[in-house]
Amino acid sequence: MDFLTLLDPGPDAGLAALFVASFLAATILPGGSEAVFAGLVSLHPGQANAALVLATVGNTLGGMSTYLLARLFPQAGAPERLAWLQRHGAPALILAWAPLVGDALCAAAGWLRLGWLPCLGWMALGKALRYSVILALLN
């Protein structure tokens, strides 16, 4: 075994890093996971399905953590700009993947006390579709 082999953590470490990057990217912390996802799939095409699942789960859990944190804040009357989300409800979270507005949607859904299970489902669907499009573009 040579020295470089000892330094290479292997593809499983890449999947773990993708999960962490996907989770953190969906929280209020700045960052994105698309480049990590694309890089991992490009380096290890045989792990595309695992990467798709882990990125989706990590990103969805990150979005749900933002949702849950926002539920801790007391409601004092919904601002006008949340009327759109109140009108469309949980299905609007299919856009939770979108840069800039995605985190705000997750937080607003939690603050509005929208049902967690429908929010989880719509959020996961949108995030899975986003990673699926990236995967399709790589192939």
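In this predicted model, the largest nonpolar core has 18 residues, and those touching the most other members are L85, L93, A109, L112, L114, C119 and M123. Three elements give two or more residues to this core: α4 (48-71), α6 (101-111) and α7. Of these, α6 brings the largest share, with 5 residues. Another core, of 13 residues, lies apart from it, and L15, L40, V41 and Y131 are among its members. Clusters like these fit a familiar pattern: in soluble globular proteins, nonpolar side chains tend to be buried together.

Now to the aromatic rings. A search of the whole structure turns up just 1 aromatic pair. It is made by F37 and Y131, whose rings are tilted, with 5.1 Å from centre to centre and 50° between the planes. The partners come from distant parts of the chain: F37 sits in helix α3 (residues 34-43) and Y131 in helix α7 (residues 116-138), 94 residues apart. Both ends of the pair are tucked away, as F37 is buried with a relative accessible area of 0%, and Y131 is likewise buried at 0%. Y131 has a further neighbour in R130, which lies over the face of its ring at 4.2 Å from the ring centre.

Back on α3, F37 is joined by A38, L40 and V41 as buried residues. These four cover an arc of only 165° around the axis, so they fall on the same side of α3. On the other side of this helix, A35 and L43 are exposed. The underlying geometry is simple: an α-helix has 3.6 residues a turn, so residues three or four places apart point the same way.

Key:
Residues are numbered from 1 along each chain as its sequence is written. This is a predicted model: local features need pLDDT of at least 70, side-chain atom pairs count only at pLDDT 80 or more; totals for chains, interfaces and linings use all residues. Side-chain values use heavy atoms; hydrogens and water are left out. Rings of Phe, Tyr and Trp (its six-membered ring) pair if their centres lie within 6.5 Å; planes under 30 degrees apart count as stacked, over 60 as edge-to-face and the rest as tilted. Buried means under 20% relative accessible area, exposed over 50%, partly exposed in between (1.4 Å probe, protein chains only). A charge sits over a ring if NZ of Lys or CZ of Arg is within 6 Å of the ring centre and within 35 degrees of the ring normal. The arc is that of the directions from the helix axis to the C-beta atoms. A nonpolar core is a set of buried Ala, Val, Leu, Ile, Met, Phe, Trp, Tyr and Cys residues joined through side-chain atoms within 4.5 Å.
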